Amino acid sequence: MVSYKELGFSNTKKMFKIALEREFAIPGYNINNLEQLQAIIIGCGESESPVIIQISQGARVYANQTMLRYLGQGGVEMAKENGYSIPIALHLDHGNSFELAKSCIDSGFSSVMFDGSHLEYEENIAITRKVVEYAHERDVTVEAELGVLAGIEEHVKSDVHEYTDPDQVEDFVTRTECDSLAIAIGTSHGAYKFKVEKVDDIPELRFDILQEVRKRLGKFPIVLHGSSSVLKEYVSIINQYGGNLEKAFGIPEEQLRKATQYGVSKINIDTDGRLVFTAIIRKILAENPKEFDPRKYLGPARQELIEMIKRKNDIVLGSAGQAKYIK
Ligand SMILES: [Zn+2]
């Protein structure tokens, strides 16, 4: 058993407090490998942004939970070495059982999500509450979820949107004592968020629900999952170099920015990073058919991801330059 404090991670309490006060969102970036982690640490370090490093079930299957925890720890040490003074949380994304949350807490995670959104309401409350009790005794923070997102994110699949019911949020948060709440207002996982033909047809997020939730909860951290914008320039590069991503659309960045003014304090971005990586690798390999050194394509992909992260922190999340307020 190891506490995240010994590893140099932070829980999300102070991050969210300052995010709510200053109306920005903490980025939740997912890691599966070394280059993504390096990009997140450098991108957030250089933009002086707090960051939540997320580990999903798919990542644990792909890279091993222990390996990823040590990678995260390596990220903290690298940040120090580079002179970055940013709070870093290590977060379990979409935990689906108490046992999993417990195992992550025991191995040094500073924050866990229990996603009981597919469960019956009372069952979601009961398990979330159990996770909260275990976590809070160890000063670990807990994200919960109400409402179901459409789309696909590894094991998280759903065909239907079930928007969060604002009438439930107060009761849910009071009874579970969770530290933040993921809600469904029209974001979704993956690169195909809307069944539309063109960008102009993308429906607006349900800001009415968000405002209603905000009214019930007051200044409480709200989380948006599935909030990539499915960046057009990278989709184009992928398609130009042999890919085939048709009608891939995401959440327009201005809408995400607006959401931060209504209490959204954490925004999860995974798909956009995947698109950046794939685009650069496809381009380099297509243009350099003799190349076989992975560093020659992973390195530039990592560099492009750093730039994307800095841009997102700056103009979408508003988290750039905010680390100094979270001490
Ligand atoms: Zn998610």
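**Exercise 1. The zinc site**

How are the donor residues of the zinc ion spaced in sequence? Identify the donor atoms and place H94 and H189 in the fold.

*Solution.* The spacing reads H-x94-H-x35-H. This is a predicted model, in which local features need pLDDT of at least 70 and side-chain atom pairs count only at pLDDT 80 or more, while totals for chains, interfaces and linings use all residues. Residues are numbered from 1 along each chain as its sequence is written, and side-chain values use heavy atoms, with hydrogens and water left out.

Step 1: collect the donors. They are N, O and S atoms within 2.8 Å of the metal (3.2 Å for Na, K and Ca); water is not among the atoms, so sites may look incomplete. The protein supplies NE2 of H94, NE2 of H189 and ND1 of H225, at 2.1 to 2.2 Å from the zinc ion.

Step 2: place the pair. H94 belongs to strand β3 (residues 88-95) and H189 to strand β9 (residues 188-189). The two histidines are 95 residues apart, so they link distant parts of the chain. Helices (H or I, at least four residues) and strands (E, at least two) are DSSP runs, numbered from the N terminus.

Step 3: check burial. H94 and H189 are both buried, meaning under 20% relative accessible area (exposed is over 50%, partly exposed in between; 1.4 Å probe, protein chains only).

**Exercise 2. Aromatic pairs and charges**

Find the geometry of the F98–Y134 pair, then look for charges over its rings.

*Solution.* Step 1: apply the ring rule. Rings of Phe, Tyr and Trp (its six-membered ring) pair if their centres lie within 6.5 Å; planes under 30 degrees apart count as stacked, over 60 as edge-to-face and the rest as tilted. The count is three aromatic pairs.

Step 2: classify. F98 and Y134 are edge-to-face, at 5.8 Å centre to centre with 85° between the planes. F98 is in helix α6 (residues 98-106) and Y134 in helix α7 (residues 121-136), so the pair ties together parts 36 residues apart in sequence. F98 is buried at 13% relative accessibility. Y134 is buried too, at 12%.

Step 3: compare another pair. Y121 and F172 have ring centres 6.3 Å apart and planes at 45°, so this pair is tilted. Y121 lies in helix α7 and F172 in helix α8 (residues 166-176), 51 residues apart. Both residues are buried.

Step 4: add the charges. A charge sits over a ring if NZ of Lys or CZ of Arg is within 6 Å of the ring centre and within 35 degrees of the ring normal. K130 has its charged end over F98, 4.3 Å from the ring centre. R138 covers the face of Y134 at 3.6 Å from the ring centre.

**Exercise 3. The core**

Which residues touch the most other members of the largest nonpolar core?

*Solution.* Step 1: define the set. A nonpolar core joins buried Ala, Val, Leu, Ile, Met, Phe, Trp, Tyr and Cys residues through side-chain atoms within 4.5 Å.

Step 2: name the residues. I88 and L181 touch the most other members of this 96-residue core. Helix α13 (residues 294-317) gives the most to this core, eight residues.

Step 3: list contacts (heavy atoms within 4.5 Å). Beyond its neighbours within four places in sequence, L181 meets residues including A144, V169, F172, L217 and V223. Another core lies apart, with nine residues, among them F16, I18, I26 and A89.
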